Amino acid sequence: MILRFGAFEFDDDARELRHAGKAVALQPKPFELLALLIRERGRIVSHDELLDALWPDATVAPGSLTRAVSLARRAISDTKQGNAIRSFPRRGYRFCADVVVLGERGGAPPASTGTASGTDSFVGRDKALRAVRDAWERSATGQGQVAIVRGRAGIGKTRLTEVLSTEFGDKGARVILARARDSEGVPAFWVWAQVLRTLLEDPQLSGPIRELEREMAHRIPELGEKIERNEVGAAGNRFLLFDAVARVLVRASRERPLLLIIEDLQWVRDGSLRLLEHVTAEISNSAVLLIATVRDEPRERAHPLHRTLALLQQMGHCATVTLGSLSRKEVGDLLRQSLGANAPADLTSELFVRTEGVPLFLREAIRWLADHGDFDQPEAIGRLGVILPDTSLDLIRRPLNTLGAACSELVCAAAVIGREFSVPTLASVADCTRGDALELLDEAVCAGIVEPIPDDAVGFRFLHALFQEAAREALPAAQRARLHFRTAARLEQQHAGDLDRVMSALAHHHYHGMAVGDPERTLTYSLRAAELAQDALAFEQAAVHYERAIQSLDQQDTIDPEHRLRVLLALGDAHRAAGERAGRRMAYLQAQQTAKALDRPADFARAAIGLCDLSEWAIRDQEAEAAVVEAIDWLGDAEPVLRAQLTTRRAYIATQINQTFEQQNEAESLARTAVEQARAAGDPDALQEALYALHLILSGPDHFDERRALTLEMAEVAPRSNNLDPVVIGLIDVSCDRLALGDTKGQKEFRDRALELIGENGLPSQRWHLNVYAAGCKLLAGRFDEVLETTQDAFALGQRIEHPYAFGCYIAHRLGVMRERGEYEAQISLLQQALEFEEGPVHWIRALLGQAELRRGQPDAAREHFEILAVDPFRDIPRSIRWTNTIQEIALLCAELGDAERAAPLCGLLEPVAHHHALFPTAVLYGGPVSYGLARLYETQSRIDDARDCYAAAIEAATLLEARPVEARIRFDLGAMELRHGSPSDARAQLESAFETGEALGLTFLVERAKATLAPRRSS
């Protein structure tokens, strides 16, 4: 019997669980548990019944059942809320997902491929159709999905979306199509404006969605006709705009499933890509299927699409569907439709080779042969051969070459205007009458190059983007520039009363027509387009226009360096707002050079401030450091706010994680000066930054109270500041500080304050910090499956904001899970890679690497790492944010190596903080109570009574934090010590407890050690 629930099939006869047609690996016990729960889905199955069924001849701990349930949930993607396998406290479990009986094995008929409207069948895309249909089924049940359809030009991406939109529309989906344009002259967020405009025109939409639209109307000008701008609130943050768009889509999907198609993603270059990233992350629990098509073609490494596709592919609900060329058999199927009979083998083979199996090229080749009469006697083709253009692209150029001279010139003018164009605009640009233009377009329609736009009396479009590109590329440079200039003139004439409406297009056409146009006008329009994009929060688009403004400045007879400096600073600000680190740095560095040449210290200072980003956790930055130092010297006592911001950055840059004590003292002194300067200047943003820098510098075991006070002051300043990131980070760090002191009440208090401050609409940077913190807390508690899920989500978010430590935190949490589960080979591989990252916690990494080498049975390699750490003895390790956890892990390595001589100085370092816990703030990488490290060191020195006292204190401290994995390790080490030096009965109790916890949590290495240690005791 085959049973389906969601995207899964359970084949009881074949003993197989499948997802999207592929078998899912599942261990025997979790499989048996899943089978029993599905069979008995009408009731709650008790714990005892499950234990008896899964382990009929053995007595196991309750944790074994918990582990089996966890693995079963993970196999069916039910790890977040337990919606499918639902737990009923003190009663048992029940399978609650909707189940459909498909019948016996092999009894289900194959799914139909379906056809789109039209006369031709859809050939060769069964696999792609199945993949997207599976995504549709999941989205229809409230598990939002994204499908990226990739393939070369002409491969049939649009055809696939046409088939699916017809099919899903018939099933009740609300279908929305948005097309990107091959032009930088489109309005801000153009593809999303199309989506939202369609939603607003739907009378079935409820009032709450229209209320959400008001949050974004003044940010997306294309919505201005639908909603009055004076009804909009003053939400100026781009994240709020993104969140409003996502909420609109989710709300719309509650009324009926939503199919959203975005075509030609390769042409989206403004903030629309960032908005796509945000929407993808937010629709996972909604009835939305988003299909985006993208052309596979060479792109420069800096193209923003590389980043977006990489981010989307990391999200579990995003799949990539790649369309390849048609096979020889599929080419024959297409020919059979054209001929009404089987095609000669020679014809099929020749077309397959010459067209590379690309559907668009095939269509044009078939038209070529039909036009030449070859299909009148197809049997003769085998004798005479097939005559086709030399290359596949020639098949696209062929229809263009058949046009008359006047029509060809008109089509080339249309290609400059865009893929879609109106007859009046085309006539104006091509300098002909509308009647003549219409007649010539008829010729292009007959040639299969353009087509009328439905429901648009004067609109036409190219049938395929390749026709537009081929026509445009055929133009000589001078003629192309003239056509761009004339297109701009037409726009100026047509929209004389409201140029802002088409400002982006004006700037685009004037830029490309600058060779025959006016650089001054190009500058004017580029700057205005940048301002409008900035106002619409399309920062990426603003940056493009600022860069073109600089190029137009450089083309003027007399270059104004002061004007150029202002544009460079604006460009840097746009890149910074967009999160484009490389572009930001380049713009500010150029601005510095210009400011220096103009003797403008204040502008030089602004560029230096922009160069240094306080959210990057004090990574090394020699260029920023040199700029800040020079700006401080040059600015002197002028501009108090700028001076405070510069001093803050000087302190921040000096806060190197692996710095010397002298550097640490210098950084602290600078930060305290910055706080005084910011307070005196009375600027809330400058004060917020200075307080945060001092808070960061004081991280470590010695300043908990002052960090708490600084963070509370940041919270007071926050309402008057434009940036909440510093106080959010501060609150999370202080929550970790309270955890390090064993103050669980204080930990929760500051965590809750951070959550309250962020609210439901927290910025991605703030949510990333919270996700990293949450993953660390779950790791501390031993909820490993949840750790991997949360840290994956955090990594995707961290990449979206381009945080330098996004990957480091992701790897650190994965390492923590590997360590607890005893996956030492994988752990060593990752640690060796991490050791190469200079900004990372190299001493901590080396200590973990030494411990892992010991677990693998390589004591010489472990000793080598320890000797590197034991320099001077251990005093070269900065007493900073990482100090306690680093010394703790070194102490544990020292104890494992049995190095009593090195244990003494380590005891001297840890004893003053014996009541602390060892952990890294924000990421909560937990090394256990410091008393645990001391217990291991005392045992190494044969101070057994002192060790017992510390073990007892460590167990109590770990229990208070509910740190079950570390508590199990402590109990094991205590039990092992008691076996050697104390009471066997006490030893057994501790080892049994460690074994039970380890088995319940899946601490494989600990369980094996405990079992091996207990075995001789049990036998005796």
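Trainee: How much space lies in the largest cavity?

Mentor: About 260 Å³. A cavity here is a set of points on a 1 Å grid over the protein atoms alone, where a 1.4 Å probe fits but cannot get out. Grid points are joined across faces, edges and corners, and the volume is the space filled by probe spheres set on them.

Trainee: What kind of model is this?

Mentor: It is a predicted model, where local features need pLDDT of at least 70 and side-chain atom pairs count only at pLDDT 80 or more, while totals for chains, interfaces and linings use all residues. Residues are numbered from 1 along each chain as its sequence is written, and side-chain values use heavy atoms, with hydrogens and water left out.

Trainee: Back to the largest cavity. Which residues are closest to its centre?

Mentor: R819, Y824, R855, R969 and R1009, out of 19 that line it. A lining residue has an atom within 4 Å of a point.

Trainee: And which helix gives the most to that lining?

Mentor: Helix 38, with four residues. Helix 38 covers 842–855, and the other elements that give two or more residues include helix 36 (806–821) and helix 44 (964–981). Helices (H or I, at least four residues) and strands (E, at least two) are DSSP runs, numbered from the N terminus.

Trainee: How do the residues of that lining divide?

Mentor: Into nine nonpolar, two polar and eight charged. Ala, Val, Leu, Ile, Met, Phe, Trp, Tyr, Cys and Pro count as nonpolar, Asp, Glu, Lys and Arg as charged, and the others, Gly among them, as polar.

Trainee: How many cavities of 30 Å³ or more does the structure hold?

Mentor: Six. The second largest has a volume of about 180 Å³. Its lining has 17 residues, and L779, G816, R819, E820 and Y926 lie nearest its centre. R819 was also among the residues closest to the centre of the largest cavity.

Trainee: Where does the largest share of that second lining come from?

Mentor: From helix 36, which supplies five residues. Helix 34 (764–781) and strand 18 (925–929) are among the elements that supply at least two. The split for this lining is 10 nonpolar, three polar and four charged.

Trainee: Is helix 34 mostly buried or exposed?

Mentor: Mostly covered, with 14 of its 18 residues buried. Buried means under 20% relative accessible area, exposed over 50%, and partly exposed in between (1.4 Å probe, protein chains only).

Trainee: What span should helix 34 have?

Mentor: Its 18 residues should span 26 Å at 1.5 Å a residue, and the end C-alpha atoms are 25 Å apart, which agrees. The expected span is 1.5 Å times one less than the number of residues. G782 follows helix 34, with a positive phi near 85°.

Trainee: Which residue other than glycine has a positive phi near 50°?

Mentor: E639. E639 sits in the loop between helix 27 (622–635) and helix 28 (640–654), and is partly exposed at 37% relative accessible area. E962 has a positive phi too, near 55°. The loop that holds E962 runs between helix 43 (944–960) and helix 44, and E962 is exposed, at 57%. As background, most residues other than glycine have a negative phi.

Trainee: New topic. In what order do the three strands form the open sheet?

Mentor: The order is 5-7-6, with antiparallel pairing. Strand 5 (45–46) and strand 6 (85–88) are at the edges with a single partner strand each, so one side of each is left without a neighbour in the sheet. Strand 6 pairs with strand 7 (residues 92–95) over four bridges; two strands pair if DSSP finds at least two bridges between them. F88 stands opposite G92 in strand 7.

Trainee: How many salt bridges are there in the whole structure?

Mentor: A search finds 61. Each is a side-chain nitrogen of Lys or Arg within 4 Å of a carboxyl oxygen of Asp or Glu. One of them joins E706 and R672, with the closest N and O atoms 2.7 Å apart. E706 is in helix 31 (residues 704–717) and R672 in helix 29 (residues 661–681), 34 residues apart. E706 is partly exposed at 26%, and R672 is partly exposed at 28%.

Trainee: Which residues are linked in a network of salt bridges?

Mentor: R855, E896, R936, E939, D973 and R980. R855 is also one of the residues closest to the centre of the largest cavity.

Definitions and conventions. 1 Å grid on protein atoms, 1.4 Å probe; cavity = no way out; pocket = protein on both sides within 12 Å on 5 of 7 lines; lining within 4 Å.
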